[in-house]
Amino acid sequence: ESNSGDHHILMLPFMAHGHLIPFLELANLIHRRSSVFTITIANTPSNIKYLRSAASSEAKIHFAELHFNSIDHGLPPNTENTENLPLDQIPALFHSSTALQHPVRQLISDIVQKDGKPPVCIISDVFFGWSVAIARSFNIPIFNFTTCGAYGSLAYISLWLNLPHQSTTADEFSIPGFPERCRFQRSQLHRFLRAAKATDSWCTYFQPQLSYALNSDGWLCNTVEEVESFGLGLLRDYIKIPVWAIGPLLPQSSGRGWVKENDSGVDLENCMDWLNSHQRNSVLYISFGSQNTISETQMMELAHGLEESGKAFIWVVRPPLGHDIKAEFKAHQWLPEQFEERMKETNRGILIRNWAPQLEILSHESVGAFLSHCGWNSTVESLSQGVPMITWPMAAEQAYNSKMLMEELGFAVELTIGKESEIKRGKVKEVIEMVMEENGKGEEMRKKAGIAKEKMMNAMKDNEQKGLSLRSLEEFLEIIESKKEKTN
Ligand code: UDP
């Protein structure tokens with residue numbers, strides 16, 4: 001007979017907003033399904049602070065701080081996550097995570113002492129391959145959670161492990177694990193991957209760490225079987241360990257924990273009132289995730305294109321590249337003259353500084369499209385609300401998400417790729433008009449988005465026809481419990 005909280009699960013997310021929050025939601029979901037688990041999420045002190053404030057007060061999740069000092073790893077002082085970190089310093093953050101091995105071992109020993117037994121399993125980030133060896137040494141089952149989609153995860157790992165673009169000079173090439181028809185392009189790889197050599201700091205982290213992650217006992221994926229069946233099939237064939245699709249994990253409250261010092265903060269009520277004053281499917285929502293911004297020139301062209309399209313919009317703005325993204329946003333300097341005032345007076349558009357209640361905005365019926373960098377969380381949120389996307393991938397696996405959304409789901413149109421790309425107001429206007437028009441391509445995309453939304457919502461349904469993701473999660477939890485019984 002199990003007592004409440006009898007089985008301990010230890011979770012180890014990578015240090016980035018888009019990883020911490022899905023881990024928190026996974027913990028919440030497990031708690032809602034079963035009372036036999038105690039869950040501890042471990043991370044560096046400031047990330048734990050974020051998580052504590054993002055967690056709802058009813059959630060009985062435990063948090064453990066792991067000792068970490070960024071300057072020991074050549075990072076700026078008090079840098080504990082990817083936020084505000086230039087791309088060329090991200091490898092240092094990845095490498096620094098291996099210093100968490102010692103405090104993680106200590107934490108497991110503490111749990112063993114307190115509970116009288118080791119955790120029932122570890123669920124660690126795919127990026128933390130090093131956690132597999134720790135789990136094996138304590139004889140604890142280990143699973144990886146990928147906060148990316150199945151297709152995007154596979155493209156990302158296969159590219160880093162195989163560097164297929166290095167053995168050809170062609171612009172188009174295939175990636176091991178994908179069928180011939182899914183050819184990738186050099187422009188879809190970010191510049192460090194494009195130029196990657198086995199000895200540089202990106203490869204020396206990803207190549208071994210991703211290989212270790214392939215030796216775990218299985219992966220959990222924030223996606224939905226019916227929506228990503230193609231990507232899941234490919235991923236399973238490639239990694240050859242079980243993959244459970246347990247999404248969509250949606251944030252309970254948009255970034256409540258991601259408190260930003262200089263956040264002008266937008267009043268949710270004002271935002272909803274503004275959306276209420278617009279017609280169904282008439283507003284474009286623009287946001288580039290938790291840590292990205294665009295260049296000054298791109299910002300200017302985007303603003304002109306938006307204005308020329310005549311469509312209504314909500315735009316989450318941050319200072320352009322080269323400036324501190326947490327600093328004050330100077331509309332007069334970075335946008336066309338009187339842009340903000342003009343948009344406000346005509347009820348055409350609002351600028352939200354730094355951080356918006358994204359999921360609430362996307363779920364409003366006035367929102368007709370989302371211009372997004374295609375981070376997987378934003379993608380899942382858009383799919384689950386049935387909002388078609390205009391994509392502008394910038395980093396990580398975002399370009400592969402964009403490719404999948406266009407080619408497999410027919411749900412998106414790509415505006416451009418990358419933070420350095422040249423983008424013209426005419427193209428901005430054209431793409432916005434195409435996606436937001438009532439008939440033609442826009443209508444077709446909205447239909448597909450509506451179907452995706454239904455599948456996403458069904459996956460989490462808890463009635464006699466239990467949703468696929470819930471079934472998948474329950475199967476996973478049963479496996480952990482049965483493994484535990486065997487080792488007891
Ligand atoms: N987000 C938000 N408000 C913002 C920007 C982002 O609530 O103004 C949330 C968004 O809803 C999503 C997450 O932050 O849950 C961003 O994650 P994603 O994977 O899309 O991108 P990343 O931040 O990892 O690049």
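Val-104, Ile-108 and Ile-111 are the buried residues of helix H4 in this predicted model. They sit on the same side of H4, because the arc they cover around the axis is only 60°. Turn to the other side of H4 and the picture flips: His-102, Ser-109, Asp-110, Gln-113 and Lys-114 are exposed there. The helix itself runs over residues 101-115, 15 residues in total. From first C-alpha to last, H4 reaches 21 Å, close to the 21 Å expected at 1.5 Å a residue. As for what lies over its buried residues, the cover includes strand S1 (7-12), strand S2 (37-43) and helix H5 (131-138). Just after H4 comes Gly-116, with a positive phi near 80°.

Helix H16 (residues 398-407) is another story. Here 8 of the 10 residues are buried, so H16 is largely enclosed by the rest of the structure. The buried set runs through Gln-398, Ala-399, Tyr-400, Asn-401, Ser-402, Lys-403, Met-404 and Leu-405. Among the elements that cover these buried residues are three helices, namely H6, H9 (229-239) and H15, along with strands S14 (389-391) and S15 (412-414).

H15 turns up again at the ligand. The shell around the ligand holds 21 residues, and the closest are Gly-18, Gly-289, Ser-290, Gly-375 and Ser-378. At least two shell residues come from each of helix H1 (17-33), helix H14 (358-362) and helix H15 (376-385). Of the contributors, H15 gives the most, with 4 residues. Sorted by class, the shell comprises 13 polar, 7 nonpolar and 1 charged residues.

Zooming out, the protein chain has 19 helices and 15 strands. Its radius of gyration is 22 Å, close to the 23 Å given by the globule rule for 488 residues, so the chain is as compact as a globular protein of that length. Along the principal axes, the C-alpha trace spans about 65 × 50 × 45 Å. Buried residues account for 48% of the 488 residues. Contacts reach well along the sequence too: taking those between residues at least 6 apart, 69% join residues at least 24 apart.

Two residues show how sequence separation and distance in space can part ways. Thr-293 is placed in the loop between strand S10 (283-287) and H11. It counts as buried, because 23 C-beta neighbours fall inside 10 Å. Leu-321 is 28 residues from Thr-293 in sequence, yet the two are 6.1 Å apart in space, C-alpha to C-alpha. Leaving aside residues up to four places away in sequence, Thr-293 touches Phe-288, Arg-318, Pro-319, Pro-320, Leu-321 and Ile-325.

His-304, by contrast, lies within helix H11 itself (residues 296-309). With 18 C-beta neighbours inside 10 Å, His-304 counts as partly exposed. Its separation from Leu-275 is 29 residues in sequence and 22 Å in space, C-alpha to C-alpha. Once residues up to four places away in sequence are set aside, His-304 touches Pro-336 and Arg-425.

A few spots in the backbone also deserve a look. Most residues other than glycine have a negative phi, and most peptide bonds are trans. Against that background, the peptide bond from Gly-247 to Pro-248 is cis, with omega near 0°. Pro-248 belongs to the loop between strand S9 (243-245) and helix H10 (268-276).

Leu-163 is not a glycine, but its phi is positive at about 40°. This residue lies in the loop between helix H6 (150-162) and strand S6 (172-173). Leu-163 counts as partly exposed, because it has 16 C-beta neighbours inside 10 Å. Asn-347 is a residue other than glycine with a positive phi as well, near 60°. It is found in the loop between helix H13 (339-345) and strand S12 (349-353). With 11 C-beta neighbours inside 10 Å, Asn-347 counts as exposed.

Notes. Residues are numbered from 1 along each chain as its sequence is written. This is a predicted model: local features need pLDDT of at least 70, side-chain atom pairs count only at pLDDT 80 or more; totals for chains, interfaces and linings use all residues. The expected span of a helix is 1.5 Å times one less than its number of residues. A residue is buried if 20 or more other C-beta atoms lie within 10 Å of its own, exposed if 12 or fewer, and partly exposed in between; C-beta atoms are placed from the backbone. The arc is that of the directions from the helix axis to the C-beta atoms. Two residues are in contact if their C-beta atoms, placed from the backbone, lie within 7 Å. A residue is near a molecule or strand if its C-beta atom, placed from the backbone, lies within 6 Å of it. Ala, Val, Leu, Ile, Met, Phe, Trp, Tyr, Cys and Pro count as nonpolar, Asp, Glu, Lys and Arg as charged, and the others, Gly among them, as polar. The radius of gyration is taken over C-alpha atoms; the globule rule is 2.2 Å times the number of residues to the power 0.38.
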